[in-house]
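Subject: Structure for your review

Dear colleague,

Please find the structure below, together with its sequence. My notes on it follow.

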Amino acid sequence: MISIILPTYNGEKYLDSQISSILNQTVNFTELIIGDDCSNDKTIDIITTFANKDSRIKIIKNSKNLGFKKNIENLILNAGCDYIALCDQDDIWEPEHLSILLNGIGDNYLACGDSLIIDNLGNSKNIKLSEIKHFKPNSSVKDIFNFISIYQNPFQGASMLIKREFIDIALPIPDKVMYHDVWFAHLATLLNSFVYIPKIVTRYRIHGYNTSGSHNKTSRLKILIGHFIKGHAEDTNRKEVIAQLSDRVYKNNLKCPEYFDKVTNYFINENNLIGRIKNLIYEIKNHKTIYGK
């Protein structure tokens, strides 16, 4: 019923804790597929030891380094169940991680829970990812799309559960999109098939080497002013995500809500001063729905 996919690369330091937390879930799962991306530490030894004790664990050893995003994509394609849970090698799942997401997904393509931030030793930082990102759990799908498109993404891939039907639309992940979780969140909210569950399902380890980047609190006023002066910095990748969404929508003949056109126009407006003035007015007018609590 549930496939769990775990991409690994030189993960010996935290991998034992993560796999143990997966095996201690309160609901059963069918398979844990681990895709190792040419690790040169003891990662293979660790996952082999677990696999020898639990037949649900399957190991894929990549013949060449695919990179994090392509490794995840390959694992999703190899998953055999109707539900696919994503995870990272350095986090710790709460015992009810799968239960919460499975019970909450309903008719949606994607369900995502919240995370508790922990340090490299596993100690709680007493703050949730949603709090760092200023995210309002009761936001509408429209507001969530505006939030992640213009401001930032509060949805960790390792706290997501997706349905198999979503794969046909979501894959392949565009080469120009940097992060799989950003792509999945944008696409699912655009299709009005996304549910956020405001419960902690993951202990999210922040240790300076995470592939998903920084998660520091940011000044919303500073960001708003920055958008006006120079638009979105290229390293946020948001312009490219919206462009790729447009392409995917066209190829799949999907019907999109009006708020997608507004966000598309927003990024077109960034190309000139008059457009950025219009965007500034738009951001001020919709400040609460874009920048959250």
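Does S99 count as buried or exposed, and why? Because its relative accessibility is 15%, below the 20% cut-off, S99 counts as buried. Please bear in mind that this is a predicted model. S99 belongs to helix α4, which spans residues 97-104. Leaving out residues up to four places away in sequence, S99 touches T26 and V27.

The nonpolar interior

In soluble globular proteins, nonpolar side chains tend to be buried together. In this model, the largest nonpolar core comprises 50 residues. Those with the most contacts inside that core are I76, L110, F155, W183, F184 and L245. Apart from this core lies another, of 29 residues, which includes I4, I22, A85 and A111. As for W183, if neighbours within four places in sequence are set aside, its contacts are A170, I173, P174, V177, V241, Q244, L245 and R248.

Strand β1 and its partners

Strand β1 covers residues 2-8, and 7 of its 7 residues are buried. In a regular strand the side chains alternate between the two faces of the sheet. In β1 both faces are covered: I2, I4, L6 and T8 are buried on one side, and S3, I5 and P7 are buried on the other. Strand β1 runs parallel to strand β4 (residues 83-86), to which 4 bridges join it. In this pairing I5 stands opposite L86. Strand β1 also runs parallel to strand β2 (residues 31-36), here with 6 bridges. In that pairing P7 stands opposite G35.

Salt bridges

The count of salt bridges comes to 9. One of them joins the side chains of R56 and D54, with an N to O distance of 2.8 Å. D54 counts as buried, because its relative accessibility is 15%.

Another salt bridge joins E73 and K70, at 3.8 Å from N to O. Both residues lie in helix α3 (residues 68-78), 3 residues apart, which is about one turn of the helix. The two partners are covered to different degrees: E73 counts as buried at 10% relative accessibility, while K70 counts as partly exposed at 31%.

R203 forms a salt bridge with E94, in which the closest N and O atoms are 3.0 Å apart. This pair links distant parts of the chain, since R203 is in strand β9 (residues 194-205) and E94 is in the loop between β5 (92-93) and α4, 109 residues apart. R203 counts as partly exposed, with a relative accessibility of 28%. Salt bridges that share partners also join K70, E73 and D175 into one network.

Helix α2 and a surface patch

I44 is placed in helix α2 (residues 43-53). I44 touches D36 and K61, again leaving out residues up to four places away in sequence. I44 and N10 are 34 residues apart in sequence, and their C-alpha atoms are 8.9 Å apart in space.

On the surface, L273, I274, I277 and I281 make a nonpolar patch of about 380 Å². Of these residues, I274 lies in helix α12 (residues 273-285). Is I274 buried or exposed? Its relative accessible area is 53%, and I274 is therefore exposed, the cut-off being over 50%.

With kind regards

Key: Residues numbered from 1 in each chain as written. Predicted model: local features only at pLDDT ≥ 70, side-chain atom pairs only at ≥ 80, totals over all residues. Heavy atoms only, no water. Core = buried A, V, L, I, M, F, W, Y, C linked by side-chain atoms within 4.5 Å. Buried < 20%, exposed > 50% of the residue type's maximum accessible area, 1.4 Å probe, protein only. Contact = heavy atoms within 4.5 Å. Helix = DSSP H or I, 4+ residues; strand = E, 2+ residues; numbered from the N terminus. Patch = residues over 30% accessible without salt bridge, like charges linked within 9 Å, V, L, I, M, F, W, Y side chains within 5 Å. Areas by Shrake-Rupley, 256 points an atom, 1.4 Å probe, with all protein chains shown as cover. Salt bridge = Lys/Arg side-chain N within 4 Å of Asp/Glu carboxyl O. Pairing = 2+ DSSP bridges.
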